[in-house]
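Dear colleague,

I am handing over the structure we spoke about, with some notes on what was found in it. Please have it open beside you as you read.

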Amino acid sequence: QSPPGKPEILKCRSPDKETFTCWWKPGTDGGLPTNYSLTYVREGDENTYECPDYKTSGPNSCFFSKKYTSIWKIYIITVNATNQMGTTASEPLYVDVTYIVEPEPPRNLSLEVKWPKDRKPYLLIRWSPPNITDLRSGWFTMEYEIRLKSEETDEWEIHFAGQQTQFKIFSLYPGQKYFVQTRCKPDHGYWSRWGQESAIDIPNDFTMKD
Amino acid sequence: QSPPGKPEILKCRSPDKETFTCWWKPGTDGGLPTNYSLTYVREGDENTYECPDYKTSGPNSCFFSKKYTSIWKIYIITVNATNQMGTTASEPLYVDVTYIVEPEPPRNLSLEVKWPKDRKPYLLIRWSPPNITDLRSGWFTMEYEIRLKSEETDEWEIHFAGQQTQFKIFSLYPGQKYFVQTRCKPDHGYWSRWGQESAIDIPNDFTMKD
Amino acid sequence: LPICPSGDCKMSLQDMFDRLVMLSHYIHSLSSEIFIEFDQRYAQGRGFIAKAINGCHTSSLPTPEDKEQAQQIPPEVLLKLVISLLHAWNDPLYQLVTEVGGIHEAPDGMVSRAKEIEAQIKQLLEGIQKIIGQVHPGANENEIYSVWAQLPSLQAADEESRLFAFYNLLHCLRRDSHKVDNYLKILKCRIVYQNNC
């Protein structure tokens, strides 16, 4: 039997800079029942606080609701593992909520095959940004990626779309069903998960010559 | 012969949030030589003043230089038409320069196809803010939009570029000529008209695989 | 993630001003939306703008009215003016949210936006206090207060007076939130970028 192993804070993420969650990975338990607590100190504030909510985001996590989330203070977060033999603290993690945004994926994905006059058809993919405060005021930038694959293959084809909220795909297999997803990333933040999948059947005459 | 018809103030606009101009449309002249004057009262000041400069912005206009321009103040503006038979005043127009800002379009639009090592090629669009706008001090904050279309289509594709003065376009028709324009607006105000158009030929191998 | 090698974690002024300006921009956008919606639905043809002149409870605050004036005022004084402007809206915004239900068919969007503005102004104030603490530690605390005494007219029996009271309040909120947004953008360029934004 021994004191617990050193826990590790895996990551902290915020969907919209109004709340955030941290997750940790327990260390070894030293052969004894071990409890975990998350404590934090905020810049400019001497006090140490404990995690306000261990439940909302599931096991080994701490959820900071609006009430506990400030974009004006850096959080210094530590996870402590305690058993009968002692307590072991993780390395501290410094968190600035504005820099840990992992947004919700884009919304309103729409697919349309376009047939310009005498040109090759193409697939027009369009979407809307997720619902984030500052984005609506056009004040920070979001980048997007698209992935698509036909039902015949398992391999996704990924396209970087920069800041566009629409994208044209020219080369597709005619007569195939295609699945499309998009994801997004704020300029200093993390990629969202891939969003809702949409599907479209590419017509057989899709590669009409120029 | 009769007193002049009622003149009408068409609109007032400020290109830079530091000066502004109002334009009016004369009414009928009643068959007599008719003179026009513009008078205004400014919120917080009881006096009535006459237009400081009828020349700078052309016929039937009044230009308010910095010296005569305050923002967050309502101007009550009236145009008076006078001939021998009498004077007819327009309806008063209530104007706060804060909300009539419409800049000149962006300048120096440049287009360039870029071939980065590890990514697909893209079209880099760059521009400069309009000349007379002071963006350095923070008094004026500008946002931009781009539109482009290939010679084969009538439908413009519009992209919001936020405050950047460049934008990357990733999905374009290979082998096509594209026309590009940009416009701008203050953080809170009207869009400028679309600026000078530029064109570029997209190479045939533009959609090299990732 | 921002690294705090020395453990002395301090948010940079640039980071803080970037956030301030995002919030103030957003607050004004919301204020504009509420005003425009109210104006189109309830104020057309009633000549309210003529009556709204000199009608803002904050008009006594010595706020700059053009670029030169704004650039001549020392930053800490301009920051204090911004705080005075924001504090002047504590009570009116609270009453707006409370009383807006009294408007015939008040659109839901108005109430939710007013609440959002209230919440975002609190965020903004927190940020400004922090910046003042960093830029002008120990700056004296005296602040100019503007009294808002238009609650009775928000609750007036006759509809015309009540609608005008709302119009005037929203007109002034739009104006003052634009002032706050503009002043913070100037301060950002002055303090963080030495007037070279």
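What follows covers one interface and one cavity.

This is a predicted model, in which local features need pLDDT of at least 70 and side-chain atom pairs count only at pLDDT 80 or more, while totals for chains, interfaces and linings use all residues. Residues are numbered from 1 along each chain as its sequence is written, chains are lettered from A in the order in which they are written, and side-chain values use heavy atoms, with hydrogens and water left out.

At the interface, 26 residues of chain B are in contact with 30 residues of chain C (heavy atoms within 4.5 Å). The area buried between the two chains, B and C, is about 2500 Å², with 54% of it given by carbon and sulfur atoms (accessible area, 1.4 Å probe, lost on being put together and summed over both parts). On the side of chain B, the residues losing the most area to chain C are B:Trp72, B:Tyr99 and B:His188, together 29% of what that side buries. The rule finds 7 salt bridges across this interface (a side-chain nitrogen of Lys or Arg within 4 Å of a carboxyl oxygen of Asp or Glu), and C:Arg175 meets B:Glu43 in a salt bridge at 2.8 Å, N to O.

Turning to the cavity, the second largest one has a volume of about 60 Å³ (points on a 1 Å grid over the protein atoms alone where a 1.4 Å probe fits but cannot get out, lining residues having an atom within 4 Å of a point; the volume is the space filled by probe spheres set on the points, which are joined across faces, edges and corners). Its lining includes C:Ser24, C:Trp89 and C:Asp181.

Best wishes

How values were computed
On a 1 Å grid over the protein atoms alone, a cavity is a set of points where a 1.4 Å probe fits but cannot get out, and a pocket is an open set with protein on both sides within 12 Å along at least five of seven lines; lining residues have an atom within 4 Å of a point.
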